[in-house]
Amino acid sequence: MIAPIPDLLIQPVVSAALAEDLGRAGDVTAQACIAADARLDAVFAARQNGVVAGLACARLAALALDPAAKFEAMVADGDAIHPGQVLAKVEANARALLSAERTALNLLGRLSGVATLARDYVQAVAGTGARIADTRKTTPGLRHLEKYAVRCGGGLNHRFGLDDAILIKDNHVAACGGVGEALKRARAAAGHLMKIEVEVDSLAQLEEALPHRPDVIMLDNFSLEDLAKAVAMTAGAVTLEASGGVNLQTVGGIARTGVQVISVGALTHSASVLDIGLDAV
C-alpha cells in the first residue's frame, strides 16, 4: 500500500492546470453545447498495460468544478492495470466534467507513465539486492507528484530538493579544490540529521573520499569493472550509488556489480505518458 499524498499538496497543481486550460472565459465549447444542469456518467479506463498513479489528481480535478461530483476509484495507485480496465467511475455535472477532463487525464497519464517506467527498472534488477532511485530531473512544479509515482512503481526517492541532503557534485569538488576538502567543509556544516553524499568519477577519488566517512558515495559513469572494484574496496562500509549511463539494457549489469542503489534520471525525464481515456457510459 503506497502512502498517499495529502490532497492539500495536490490541489495547487490541479488548480493551476485547470486555470491554464479554462483561460479567461471558461470552456466555451461545453457552455455552447451542453445544458447547464446536464449530468454525465463516465469512467477512466486504461488503454495499455502499466502501473496506475495519480488517481487523486483525477478526483480533485472533477471535484474542483463540481463539488457534488461522485468519484469512485476501482483500483489503487501502484496497481498493475491492463487495456480496457476501469480505473475509476465518475458522475458529475456534464459541463464541469468535460472541462476538467484534460487536466485529469494529463496528470493521471503522466504519473502512471512514471510509475510504469519505475516498475520496469525495478523488475530489471530483481534478485540483485540493488534498489532503483529517482533524481531531481523532474518536471517543474510536479516533483512531489512524480516522485510519488516512482514510489508507486516500487522505486526509491532520492533527495527532494537542495535542502534535504548534502550532495557534493563534480562542480562542488572543483570549486573546493578536491573531494577531501569538500567533504571536510560539508562535515563541519552538517547537522546531526543531515546525510552527506559525494560524487566521484574515479577509483582514486573514491579512495580520497573514504577516510571522511560520507554516508553515500555516488559512482558517476564508472565502468562495470570499476563498479565491482569499488564494491570490493568499500566492503559494505558505505552505501554506493551508481549513476550515469543507466538504461533498461544496462541496469541489470550495473546491479550485478553489487552496488546498493542505482539512480535513474530517465524515470522522470523520459517516461512516456500512459494512455488512459475518459469514456461516457
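In this predicted model, the count between domain 1 and domain 2 is one salt bridge. Arg110 and Glu146 form a salt bridge, with 3.0 Å between their closest N and O atoms. Polar contacts are also present across the interface of the two domains, where five residue pairs are found, both members being at pLDDT 80 or more.

The side of domain 1 that touches domain 2 draws two or more residues from each of the elements α1 (7-22) and α4 (94-124). Of the elements on that side, α4 gives the most, with five residues. By residue class, the side of domain 1 that touches domain 2 consists of eleven nonpolar, three polar and two charged residues.

**Domains and their interface**

The protein is divided into domain 1, which covers 7-116 + 272-280, and domain 2, which covers 123-270. The contact is made by 16 residues from domain 1 and 14 residues from domain 2. A distance of 36 Å separates the C-alpha centres of domain 1 and domain 2. Between them the two domains bury about 1,100 Å², and 66% of this area is on carbon and sulfur atoms. Arg110, Leu111 and Val114 together supply 44% of the area that domain 1 buries against domain 2, more than any other three residues.

**Regions named in the UniProt record**

The UniProt record, an unreviewed entry, places the feature "domain: Quinolinate phosphoribosyl transferase N-terminal" at residues 27-112. In the same manner, the feature "domain: Quinolinate phosphoribosyl transferase C-terminal" is listed by UniProt (unreviewed entry) at residues 114-279. The table gives the computed helix and strand content of each stretch, with the distance between its end C-alpha atoms.

| Residues | Helix | Strand | End C-alpha atoms apart |
|---|---|---|---|
| Residues 27-112 | 42% | 28% | 26 Å |
| Residues 114-279 | 40% | 17% | 23 Å |

**Salt bridges**

Side chains of opposite charge can pair when their charged atoms come close. For the structure, the count comes to ten salt bridges. One of the pairs in a salt bridge is Asp7 with Arg59, whose side chains meet at 2.8 Å, N to O. Asp7 lies in helix α1 and Arg59 in helix α3 (residues 55-65), so this pair ties together parts that are 52 residues apart in sequence. The salt bridge of Arg110 with Glu146 involves a residue that is also among the three supplying 44% of the area that domain 1 buries against domain 2.

Note on methods
Residues are numbered from 1 along each chain as its sequence is written. This is a predicted model: local features need pLDDT of at least 70, side-chain atom pairs count only at pLDDT 80 or more; totals for chains, interfaces and linings use all residues. Side-chain values use heavy atoms; hydrogens and water are left out. Domain bounds come from an automatic or database domain assignment. Contact means heavy atoms within 4.5 Å. Buried area is the accessible area (1.4 Å probe) that two parts lose on being put together, summed over both. A salt bridge is a side-chain nitrogen of Lys or Arg within 4 Å of a carboxyl oxygen of Asp or Glu. A polar contact is a pair of N or O atoms within 3.5 Å; within protein, one must be able to donate a hydrogen and the other to accept it, and residues adjacent in sequence count only if both atoms are side-chain atoms. Helices (H or I, at least four residues) and strands (E, at least two) are DSSP runs, numbered from the N terminus. Ala, Val, Leu, Ile, Met, Phe, Trp, Tyr, Cys and Pro count as nonpolar, Asp, Glu, Lys and Arg as charged, and the others, Gly among them, as polar. UniProt positions are given in the numbering used here, feature names are shortened, and annotations may be inferred rather than shown by experiment.
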